[in-house]
Amino acid sequence: MRTRAAVSAALASAGILIAGWQSGLHVAETGSSVASAAAGSTGSSGSSGTSGSAGASGSSGSSSSSSAGGATGASAKAVGTYAGSVVQTRFGSVQVQITVQAGKITDVTALQLTDAERKSVQISNRAAPLLRTEVLAAQSADVQTISGATVTSDAYLNSLQAALDAANL
């Protein structure tokens, strides 16, 4: 009986370790694409700055960027176009791209918005311009969600934050 319990415990521990290892591997893959984008390397789509397709979890994205003057870290004046990660929602995918000049966000473009049904499209079309205006005014992802478009707003702001992280803003 003790042997059975020990074997069961060992198998359960191994299962937990494998699941944790796979999660860590996914985080490392996602983090390395963001880190390489922040370092100024081009993403999987070349110099256009648009993201490739999302993985199974929908959280991977890549971007293309360049830094002015070769400076590194937060003190660099970011210049370029940065695509945020693709965020999956129950209403569809959301992805945001930012354009940065002299360390300031000059444009925010929604590459993908929720489109699972007609109502989702209407909500996205109403929320996206409002979110864009708020982000340009705040120069960050620290803005209020749009009432009636909470899911879309949250996904938009999550993708935006990934683009800001890639730009070191």
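Helices and strands here are DSSP runs, numbered from the N terminus. With that in hand, welcome to this predicted model. A good place to start is Thr-114, which sits in the loop joining β5 (104–112) and α2 (118–138). From there we move to the nonpolar core, and then to two residues with an unusual backbone angle.

**Thr-114 and its surroundings**

- Thr-114 has a relative accessible area of 2%, and because that is under the 20% cut-off, this loop residue counts as buried.
- Its side chain forms a polar contact with the side chain of Ser-124, at 2.4 Å.
- Beyond residues up to four places away in sequence, Thr-114 touches Thr-89, Phe-91, Gly-92, Ser-93, Val-94, Ser-120, Val-121, Ser-124 and Thr-152.

**The largest nonpolar core**

- The largest nonpolar core is made up of 24 residues.
- Those with the most contacts inside this core are Tyr-82, Ile-98, Val-108, Val-135, Tyr-156, Leu-157 and Leu-160.
- Two or more residues come from each of β2 (78–83), β4 (92–101), β5, α2 and α3 (150–166).
- The biggest share belongs to α3, which gives seven residues to the core.

**Two core residues up close**

- Val-135 belongs to helix α2, and its relative accessibility is 0%, so Val-135 is buried.
- Setting aside neighbours within four places in sequence, Val-135 is in contact with Ile-105, Val-108, Ser-140, Val-143, Tyr-156, Leu-157 and Leu-160.
- Val-135 and Asp-107 are 28 residues apart along the chain, and their C-alpha atoms are separated by 9.2 Å.
- Leu-160 has its own set of partners outside its neighbours within four places in sequence: Val-96, Ile-98, Val-135, Ser-140 and Ala-141.

**Two residues with a positive phi**

- Most residues other than glycine have a negative phi, which is the background for the next two points.
- Gln-139 is not a glycine, yet its phi is positive, at about 60°.
- Gln-139 is found in the loop that runs between α2 and α3, and with a relative accessible area of 30%, Gln-139 is partly exposed.
- Asn-168 is not a glycine either, and Asn-168 has a positive phi of about 60°.
- Asn-168 lies in the segment that follows α3, where its relative accessibility of 31% makes Asn-168 partly exposed.

Note on methods:
Residues numbered from 1 in each chain as written. Predicted model: local features only at pLDDT ≥ 70, side-chain atom pairs only at ≥ 80, totals over all residues. Heavy atoms only, no water. Helix = DSSP H or I, 4+ residues; strand = E, 2+ residues; numbered from the N terminus. Buried < 20%, exposed > 50% of the residue type's maximum accessible area, 1.4 Å probe, protein only. Polar contact = N/O pair within 3.5 Å; in protein donor to acceptor, adjacent residues only side chain to side chain. Contact = heavy atoms within 4.5 Å. Core = buried A, V, L, I, M, F, W, Y, C linked by side-chain atoms within 4.5 Å.
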